[in-house]
Protein chains: 2
Amino acid sequence: MDKAGAAEPKEPKTARGEATRQALLGAAEKVIGRQGYAEASIGAITREAGVAQGTFYIYFKGKDEVFSELVGDMGRVLRRTIAEATAGISDRLLAEREGLRAFLTFVAGHPELYRIVQEALFVDPDAYRAYFSTFADGYREGLESAAATGEIRPGDADIRAWALMGIARSLGERAVVFGKTTPIDEVVDCVHDLFVHGLRR
Amino acid sequence: MDKAGAAEPKEPKTARGEATRQALLGAAEKVIGRQGYAEASIGAITREAGVAQGTFYIYFKGKDEVFSELVGDMGRVLRRTIAEATAGISDRLLAEREGLRAFLTFVAGHPELYRIVQEALFVDPDAYRAYFSTFADGYREGLESAAATGEIRPGDADIRAWALMGIARSLGERAVVFGKTTPIDEVVDCVHDLFVHGLRR
DNA sequence: CCTTAATATGAATACTGATTCACCTTTCAT
DNA sequence: ATGAAAGGTGAATCAGTATTCATATTAAGG
């Protein structure tokens with residue numbers, strides 16, 4: 001039942017192909033992250049990867065497909081990073097704190113991430129929604145169980161999850177897009193204090 | 001010292017011209033907000049406005065110029081809206097609360113706003129930075145003076161400003177992009193509790 | 001009525017860059 | 001050694017649309 005003429009881009013069959021595919025993916029991350037989706041030409045990506053333009057279409061159906069894959073990858077990598085950083089921390093508020101630290105550290109090391117995920121809202125809305133929904137779900141579950149054990153005061157877990165996620169995003173952006181170089185530890189401490197005590201004196 | 005051939009788009013001289021310009025601006029808001037910058041063709045915008053394509057260039061230098069103007073406008077309108085909603089509230093935490101309510105209400109009524117501002121990061125980064133820097137400055141000043149009077153506990157005002165801004169953004173997005181229809185009052189109350197007490201039981 | 005500046009029109013132009021394709025090279029199982 | 005299969009090439013094609021421009025219409029002041 002394959003469509004007759006349209007050669008579907010295949011998974012690489014050999015290590016050589018896999019390497020090229022990865023080179024392309026890495027180049028796409030760099031170029032799209034730097035110039036944005038619209039400005040990033042296939043030519044620039046293949047040049048960065050050191051292959052010919054046509055090669056791109058051996059591995060990807062088009063520009064939008066690499067982009068989607070990039071968004072998916074970033075979500076997975078980031079989630080793993082945060083999970084590792086918080087593994088084994090049973091105190092919810094401390095886990096939140098270390099999660100934030102891991103997030104900000106990761107973002108500082110991958111500034112392109114931020115742009116690519118942001119741009120997904122326009123290039124691939126479904127990937128964008130999946131990305132944030134997944135994160136929100138994780139946050140919410142953590143908050144729900146912490147509320148169940150009485151570790152934190154009661155309150156709508158979903159709203160709180162989005163609020164906390166918003167804080168992390170915003171502070172990542174503050175650093176990466178607005179170039180504010182407050183040391184991560186200082187940021188984390190300030191936010192942790194906010195999490196724990198709120199603003200009221 | 002004018003460039004010889006290039007007819008600079010002029011401010012309208014008559015009420016008729018002003019009306020057309022406004023129609024174009026409104027159409028651009030609608031179309032760009034709906035389809036995104038890249039997909040929004042000048043043709044679609046002029047069709048929506050009920051004028052010919054060429055008319056567009058009487059009032060704007062190009063697609064990017066309307067976009068920038070839109071971002072600037074939205075910032076001004078939103079700032080005025082929030083200022084009006086919080087005017088005369090001296091308690092900082094209550095002002096924060098009403099500001100959030102005004103913001104969420106506004107965003108719910110202007111879903112295109114959200115997309116346009118987001119997309120500015122890619123289409124017109126300077127406008128994007130100006131938009132958020134201005135907001136952050138406002139937040140920060142409020143927090144600083146509240147800290148000075150001892151109304152809130154001490155802490156880095158800039159980091160807190162970005163954190164609060166992030167919460168508002170995120171909850172706006174939760175509603176507009178993710179379609180979560182929790183009543184605004186409920187959201188506001190939940191976040192206010194978070195502001196005041198934090199998460200610790 | 002005229003005249004003229006301001007507005008409006010929409011077909012023609014110009015450009016950009018994604019995608020295709022006919023052909024070449026490398027790899028490796030037999 | 002050899003012939004597919006996998007991988008790679010890059011010039012040519014093609015589509016979409018922003019922008020221009022020669023021309024037409026409108027609206028007031030004189």
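**View 1. The surroundings of DNA strand D.** Of the 22 residues around DNA strand D, the ones that come nearest are Gly17(A), Ala52(A), Gly54(A), Gly54(B) and Gly62(B). Keep in mind that this is a predicted model. Both protein chains pitch in here: helix H1 (15-35) and H3 of chain A, plus helix H2 (42-49) and H3 of chain B, each supply at least two residues of the surface near DNA strand D. H3(A) gives the most to that surface, with 4 residues. Sorted by class, the surface near DNA strand D comes out as 6 nonpolar, 11 polar and 5 charged residues.

**View 2. The surroundings of DNA strand C.** Now for the other strand in this set of close-ups. DNA strand C is surrounded by 22 residues, and the closest are Gly62(A), Gly17(B), Val51(B), Ala52(B) and Gly54(B). Two or more residues of the surface near DNA strand C come from each of these elements: helix H2 (42-49) and helix H3 (53-59) of chain A, and helix H1 (15-35) and helix H3 (53-59) of chain B. H3(B) gives the most to the surface near DNA strand C, namely 4 residues. Its class split reads 6 nonpolar, 11 polar and 5 charged.

**View 3. Chain A by itself.** Looking for strands in chain A? You'll find 0 of them, alongside 9 helices. Read along the sequence, the pattern of chain A is simply α-α-α-α-α-α-α-α-α. The C-alpha trace of chain A spans about 65 × 40 × 30 Å along its principal axes. As for burial, 37% of the 201 residues of chain A count as buried. Take the contacts in chain A between residues at least 6 apart in sequence, and 63% of them join residues at least 24 apart.

**View 4. Where chain B touches chain A.** The contact takes 39 residues from chain B and 39 residues from chain A. On the chain B side, the elements that give two or more residues are helix H6 (111-123), helix H8 (157-176) and helix H9 (184-197). H8(B) gives the most to the side of chain B that touches chain A, with 11 residues. By class, that side of chain B has 19 nonpolar, 9 polar and 11 charged residues.

Notes
Residues numbered from 1 in each chain as written. Chains lettered and ligands numbered in written order. Predicted model: local features only at pLDDT ≥ 70, side-chain atom pairs only at ≥ 80, totals over all residues. Near = placed C-beta within 6 Å. Nonpolar A, V, L, I, M, F, W, Y, C, P; charged D, E, K, R; others polar. Buried ≥ 20, exposed ≤ 12 C-beta atoms within 10 Å, placed from the backbone. Contact = placed C-beta atoms within 7 Å.
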